[in-house]
Amino acid sequence: MLKNKEIIFKYKKVILFYFILFLFLSITTIYSFTNSNASSVDIYVKNNEQFYGTICKGDTGRLIPNFTAEDFAPYRDYASSTDASNPYGVDMSYFYTTYESDTPEVVSIDGNGNYTGLQTGSATLYIRVYPRDYYYSDYPCFTAEVNLDVIYDMTNVSLSTSKVKAYMFPSYYYAKNKPQYDGCVTAIPLISDQYFTEVNGTSISCKSSNSKLKISAYITDNVLYLSQSTKKTGSAKLTVTIYGKAFTIDYKVVKSGISCQSKLLAKGKKFKIKISNYSGKIEWKSTNKKVAIVNSKGVIKGRSIGNCIIIAKVGDQYLGCAVSVTKPKLIKVCDRATYIGTHWKYSQPLRTQNGYYDCSALVWKAYSQKAGVYFGSAGYPGTTVTESAWCRDNGKMLKGGMTYKRFKKMQVNPGDILFKSTNMKDKYGTTYHVEMFTGYLCTDVDSAGKPSYSAMWAARGTFYAWAEGSLLARPMK
């Protein structure tokens, strides 16, 4: 009988044997898998021949000169052979052969003519045979050129899906609910036992059955990308051809977007933002959780007075909404000012009448009707000079005025009013225009999730330009 130590030793040997066997089979399997499509192709060329061919990435072979007796006829006087079996009539030891690749990173070749397709592209291989005698050494007796295009082997390549729903997201909002679309890009992972780094140009094409949907295709890091340049929606059957192999894709594209790009929200109140025509996962976040928070369903809650951006990550895209948390009265003031500025007629002679306004009358009417702020006169709208003076005398002016830095930090609040002056050294005495700030508009969010935003004004939309340091007042905190 075997003792315990002998039994343990015996089983250790058995376990070690199977472990080594398993390791060997694993390495063999991996090697076979990664090289399953590679083949070996020898290429025979004649003197002065220009050969054109195609190989697959990973293919190997040998470049072989196909000599004839005529190639060596001029050299028989010094390299003649007495060996009757030599078909060329010369001693081949008097000659040597060189091999060269003009693009060795695409196709490499060694000193014996063994080549390997390393990556896709084009390369030219040169074979030259020289006499060893110094008298003839500068003149090859044999030269040939082999031009190879290296492509991927498409035998075992397929798409992860043949049915695609593409989403076209706005690249920019230049006003509320006025998006700009620039097309879209949709990704389809490849299923392949080889790695496609980059495929574009003539190696890949895309044909659409719908002429309104213009789509191109390219591959990066084993992912097929369908890039639609047109802004149309609809369906099409796409035929994508990659290195000669055609794939059919059912393609449908819809426009998607965010339901709100600017929102005034009272402290403690909630508001829900939606993403249209999208059923996938959405990630929400707030740029300032002290001002407003958002849950996984896009419901926003105002927490404190201030401004922030609510960002939705939709697939690989980002959309945003600028949220200003403020008092209910200021929301009413801004809404009223915006309504007057977009629905009433501008007229200085009729500025006091209902349905008409000028810049100072707009501010006075909005604040007097919705917040009881009259800028010194309860029965008649003042001018820019009298309104700016009232703000100054009542401590309503913000130190430093309207600056780009203040705007970028989102420190301008809805209801703030800006005065333009002809002479910045006499700002109060030369004011000629007043405009009410009504919030921020999130115009876009870049690929890194960084938002951009514009100022919104009661009568000027998002295109009103201010002068750095212009007077800025906050009539009501």
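Guide: A residue is called buried under 20% relative accessible area, exposed over 50%, and partly exposed in between. Keep those cut-offs in mind as we walk through this predicted model.

Visitor: Thanks! Why does Lys 237 count as partly exposed?

Guide: Lys 237 has 43% relative accessibility. That value falls between the 20% and 50% cut-offs, so Lys 237 counts as partly exposed.

Visitor: What makes the contact of Lys 237 and Asp 250 a salt bridge?

Guide: The term asks for a side-chain nitrogen of Lys or Arg within 4 Å of a carboxyl oxygen of Asp or Glu. Here the N to O distance is 2.6 Å, so the pair qualifies. Lys 237 sits in strand E18 and Asp 250 in strand E19, so the bridge ties together parts that are 13 residues apart in sequence. Asp 250 is partly exposed as well, at 34%.

Visitor: How many salt bridges does a search of the whole structure find?

Guide: The search finds six. Among them is the pair of Arg 128 and Glu 100, at 3.5 Å from N to O. This pair links strand E7, home of Arg 128, with strand E4, home of Glu 100, across 28 residues of the chain.

Visitor: Lys 281 and Glu 283 also meet in a salt bridge. How do you know which of the two is exposed and which partly exposed?

Guide: Compare each with the 50% cut-off. Lys 281 has a relative accessible area of 65%, so Lys 281 is exposed. Glu 283 stands at 40% and therefore counts as partly exposed. Their N to O distance is 3.8 Å, which is within the 4 Å limit.

Visitor: And what about Ala 322, buried or exposed?

Guide: Buried: its relative accessible area is 2%, and the cut-off is under 20%. Ala 322 belongs to strand E28, residues 317-326.

Visitor: What makes Tyr 174 fit for a nonpolar patch?

Guide: A patch residue needs over 30% relative accessible area and no salt bridge. Tyr 174, in strand E11, has 37%, so it clears the area cut-off. Together with Tyr 172 and Phe 463, Tyr 174 forms a surface patch of about 340 Å² of accessible area.

Visitor: One last thing: why are H3 and H4 called oblique?

Guide: Their axes cross at roughly 140°. Roughly antiparallel would need an angle over 145 degrees, and roughly perpendicular covers 65 to 115. The crossing angle of H3 and H4 fits neither, so the two helices are oblique to each other. Their axes come within 8 Å, and the crossing is right-handed.

Note on methods: Residues numbered from 1 in each chain as written. Predicted model: local features only at pLDDT ≥ 70, side-chain atom pairs only at ≥ 80, totals over all residues. Heavy atoms only, no water. Patch = residues over 30% accessible without salt bridge, like charges linked within 9 Å, V, L, I, M, F, W, Y side chains within 5 Å. Areas by Shrake-Rupley, 256 points an atom, 1.4 Å probe, with all protein chains shown as cover. Helix = DSSP H or I, 4+ residues; strand = E, 2+ residues; numbered from the N terminus. Buried < 20%, exposed > 50% of the residue type's maximum accessible area, 1.4 Å probe, protein only. Axes fitted to C-alpha atoms, helices over the stretch in contact; angles between N-to-C directions. Parallel < 35°, antiparallel > 145°, perpendicular 65-115°, else oblique. Left-handed = near helix turned anticlockwise from the far one by under 90°.
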